[in-house]
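These are my notebook entries on one structure, kept in the order in which I looked things up.

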Amino acid sequence: MESHVGSALQKHTLLWFIIAVAQCVSAQGCGSHYMYAIEEFCLAKFRLDMQELDQSQWCSWEDTAELYEDLTNCTYLWTVNMGCYWPNRMVDEFFIQVHRHYFHDCSMSGRRLKDPPNRILGPFIAVPILITLLMTALVVWRSKRSEGIV
């Protein structure tokens, strides 16, 4: 327990150091210190929150909207505290990586893509096959019937 408190204190001290450095170099724009901050503080919490969900829920907007909003707000607050602009190239790349890792299997509607049930899919397969067979039989029957007519 004591090492956990010491680790938290070190992170807190590091956080204030990063903010102080960021204030000094804010004229140069956001740099690696900004990426470190959003990965260490924002992404770490998001990872823990996502691990609490079953992976099948990752594409459910209802289950992930609040977590995603918290991640977005965290990156925004860090950006403002460090004197950077939001959104920026680095935060865009950050969210692209988040999407590649957590939401790559999701459709645009937020639902995982899957085949419909067999009771729905079956008629869409069977009807065209039956129509093709029926039309083929009709053509063969018609061609045999018209051979005797001159």
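**Aromatic cluster**

I began with the rings, and I found that ring pairs join Phe46, Trp58, Tyr68, Phe94, Phe95, Tyr102 and Phe103 into a cluster. The model I am reading is a predicted one, and I return to its confidence in the last entry. My search of the whole structure for aromatic pairs gave 8. For the pair of tyrosine 68 and phenylalanine 95, I noted ring centres 5.7 Å apart and planes at 55°, so I entered this pair as tilted. The pair connects distant parts of the chain, since tyrosine 68 is in helix 3 and phenylalanine 95 is in helix 4, 27 residues apart. I checked burial for the two partners, and both tyrosine 68 and phenylalanine 95 are buried.

I then looked at tyrosine 76 and tryptophan 86, whose rings form an edge-to-face pair, with 5.5 Å from centre to centre and 85° between the planes. This pair also links distant parts of the chain, tyrosine 76 being in helix 3 and tryptophan 86 in the loop between helix 3 and helix 4, 10 residues apart. I recorded tyrosine 76 as partly exposed at 40% relative accessibility, and tryptophan 86 as partly exposed at 33%.

**Phenylalanine 95 and its surroundings**

Which residues does phenylalanine 95 contact, leaving aside neighbours within four places in sequence? I listed Tyr68, Leu71, Thr72 and Thr75. For threonine 75, which is 20 residues from phenylalanine 95 along the chain, I read a C-alpha separation of 9.8 Å. The relative accessibility of phenylalanine 95 is 12%, and because buried means under 20%, I entered phenylalanine 95 as buried.

**Nonpolar core**

I turned next to the largest nonpolar core, which has 26 residues, and noted that Phe46, Met50, Trp78, Phe94, Val98 and Phe103 touch the most other members. The elements that contribute two or more residues to this core are helix 2, helix 3 (61–81) and helix 4. Helix 2 gives the most, with 8 residues. For phenylalanine 103, I listed contacts with Phe46, Met50, Trp58, Thr64, Tyr68 and Val98, not counting residues up to four places away in sequence.

**Salt bridges**

How many salt bridges does the structure hold? I counted 2. In one, aspartate 49 pairs with lysine 45, with the closest N and O atoms 2.8 Å apart. Both residues lie in helix 2 (residues 32–52), 4 residues apart, which is about one turn of the helix. I checked the accessibility of each partner: aspartate 49 counts as buried at 16%, whereas lysine 45 is partly exposed at 45%.

In the other, the side chains of arginine 89 and glutamate 93 meet at 3.1 Å, N to O. Both of these residues lie in helix 4 (residues 89–102), again 4 residues apart and about one turn of the helix. I noted arginine 89 as exposed, with a relative accessible area of 56%, and glutamate 93 as partly exposed at 40%.

**Confidence**

Last, I looked up the confidence, and the protein chain averages a pLDDT of 78, with 73% of the residues scoring at least 70. Over residues 1–5 the pLDDT is below 50, and I found 0 contacts for this stretch beyond near neighbours in sequence. Residues 24–28 also stay under 50, and for them the model has 3 contacts beyond four places in sequence. I keep in mind that where pLDDT is low, the predicted coordinates should not be read in detail.

Key: Residues are numbered from 1 along each chain as its sequence is written. This is a predicted model: local features need pLDDT of at least 70, side-chain atom pairs count only at pLDDT 80 or more; totals for chains, interfaces and linings use all residues. Side-chain values use heavy atoms; hydrogens and water are left out. pLDDT is the predictor's confidence in each residue, from 0 to 100. Contact means heavy atoms within 4.5 Å. A salt bridge is a side-chain nitrogen of Lys or Arg within 4 Å of a carboxyl oxygen of Asp or Glu. Buried means under 20% relative accessible area, exposed over 50%, partly exposed in between (1.4 Å probe, protein chains only). A nonpolar core is a set of buried Ala, Val, Leu, Ile, Met, Phe, Trp, Tyr and Cys residues joined through side-chain atoms within 4.5 Å. Rings of Phe, Tyr and Trp (its six-membered ring) pair if their centres lie within 6.5 Å; planes under 30 degrees apart count as stacked, over 60 as edge-to-face and the rest as tilted.
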